[in-house]
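Let's work through a few short exercises on a protein model. Have a look at it first, then try each task before reading its solution.

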Amino acid sequence: MSFLGVDASLTGRRWLGPGVEVERATEVLVQQTSLPLALCQVLARRGVAAEEAEAFLAPSLRDLLPDPRSLRDMEKAATRFLAAVKARQRIAVFADYDVDGGSSAALLLVWLREMGCAATLYVPDRIDEGYGPNDAAMVELAAAHDLIVCVDCGTLSHGPVAAAVGADVVILDHHLGGETLPDALAVVNPNRQDEDGALAHLCAAAVVFLMLVEAGRQLREAGARGPDLIALLDLVGLATVADVAPLIGVNRAFVRQGLRVMARRDRLGLAALADVARMDTAPAAYHLGFLLGPRINAGGRIGQADLGARLLACDDPHEAQSLAEKLDLLNTERRDVETAVRAAALDQAEARGFDAPLVWASGAGWHPGVVGIVASRLKEASNRPSIVIGFEDGIGKGSGRSVSGIDLGAPIQRLAAEGLLIKGGGHKMAAGLTVAEDKLDAAMARLSELLAKQGAHLAGAADLKLDGMLMPAAATVELAQQVEQAGPFGAGAPAPRYAFADMQIRFAKRVGESHLKISFGDGNNTKMDAIAFGAFDGPLGPALENHGGARFHLAGRLDINTWRGRQSVQLRLEDAAPA
């Protein structure tokens, strides 16, 4: 049964309440733990039992960190890495151009620098070279280096790894592996087909961190000491959130501890980036995903591919400031490019229909640096796996995003094996592909067929799940702080969402290109502010801006605003329905 009788909101969604089982579990938690009701609601929705509550609210990295040697090839990788350090051999780090790749590279570069070693950073150009190792780059690196460490890439790079004659290759990755692995010295990847999947939720930076943990263990056994690994957790937390890894298990501890480290502002590049992004509060997972992450990604999307990794690894304040400003400017340019591609892709996908197992769009000249972001927008609009492809000279480079419960990476790998794609790979929720224009329709039809077998065509508009109902007077800073104890919130661990019933819109104003700021109240002289990001990309913004005095049910998540030392609560508005 729908919550507040909302079967079709302004964004077309049905609202669902917590359900009887969650309400009962909440009551049990309140009685057995004496924790605040709002916090118990979140724990109950997450399935946390009373005896697990204390450990869940204070996740310990010491308790949750897996044994690095539980991953295949890990001991071999760390041993070879340390041998290169001890012998002062020439080391190259080949990294992907996104936040996870940049953070992974920075982990190695910073660790090596503290050990008195330098390394060559190589990040391929998205347009000229594409994702992952390529033959020419690996031949060049192998000629000048003894060890090449590929991070956040390489698991499917059989040819390029074979081309690296004269150098050992170690791969630290998390993308789906194929039936065979490249002929590298070590391939450490929790998503290898011969792994048990227990650590499949780790991003590449977490895999790199585990390798450094294993390296530290080997150093201690030899009577030596390595750098402080706790100080590197800001990079692991950043990558975990930005790569949309689920915030479960050790990932929660990585992000919690990483945010504490980041708040110290010891990492010059992150501090400079936070300043140009006008971050004036302590970092939260939201800032990593929506303020810092997009700026770090901007270099790989439409600028110089290695800017993000260089920023994260740099130890010079002037260089940090310069790189942060460049990335901020590129992010603005990226938004402009994205806006144009998104409008064309949405029109094309809507004309094709949002009820198929796969929603896709393609166009000549669409910048490959923004197709992944636009695919995310199509996914959000349709609640279907979505692909967006940009073509240049008959070759299309595309990116896909999936919805919960539908594996996109494996079908794309299968299409590559069947010859319908030039190449393709990824993981369950995100994937990339390269396709010839004359095979586009056949490839998309085949992919749609494979996704239909998983039930991708059966979902309606995504339901909006609500944790309860609040009145503006009850939405206090104290409540928001209580709820925050169950964080960090993100993929696989959504922040609690509340409904405000029968509210009167007192003020509404468009902010920027597509955001909406409103003030609302319940008629009892209590009012509350709200911000709806991207509201004018759909029907939500126009309906609330032109409310005409109508009353609405509003739904969203609580944020704490800090302004001139004072804290207040605002609603991050996600949906509304006529009351």
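A residue counts as buried when its relative accessible area is under 20%. Keep in mind that this model is predicted.

**Exercise 1.** Find what share of the 579 residues of the protein chain counts as buried.

Solution. Step one: apply the cut-off of under 20% relative accessible area to each residue. Step two: take the share that passes, and you get 56% of the 579 residues. Now turn to the surface: its accessible area comes to about 24,500 Å², and 50% of that belongs to carbon and sulfur atoms.

**Exercise 2.** Work out why the radius of gyration of the protein chain agrees with a compact globule.

Solution. Start with the expected value: for 579 residues, a compact globule would have a radius of gyration near 25 Å. Next, look at the chain itself, which has 24 Å, so the two agree. For the outline, picture the C-alpha atoms filling a box of roughly 75 × 60 × 45 Å along the principal axes.

**Exercise 3.** Describe how strands β10 and β11 are put together.

Solution. First, place them: the chain has 20 helices and 18 strands, and among the strands are β10 at residues 423-426 and β11 at residues 430-436. Second, check the direction: they run antiparallel, joined by four bridges. Third, pick out one pair: Gly 426 has Ala 431 in β11 as its bridge partner. Finally, look at the link: three residues sit between the two strands, which form a hairpin.

Terms used: Residues numbered from 1 in each chain as written. Predicted model: local features only at pLDDT ≥ 70, side-chain atom pairs only at ≥ 80, totals over all residues. Heavy atoms only, no water. Rg over C-alpha atoms; globule rule 2.2 N^0.38 Å. Buried < 20%, exposed > 50% of the residue type's maximum accessible area, 1.4 Å probe, protein only. Areas by Shrake-Rupley, 256 points an atom, 1.4 Å probe, with all protein chains shown as cover. Pairing = 2+ DSSP bridges.
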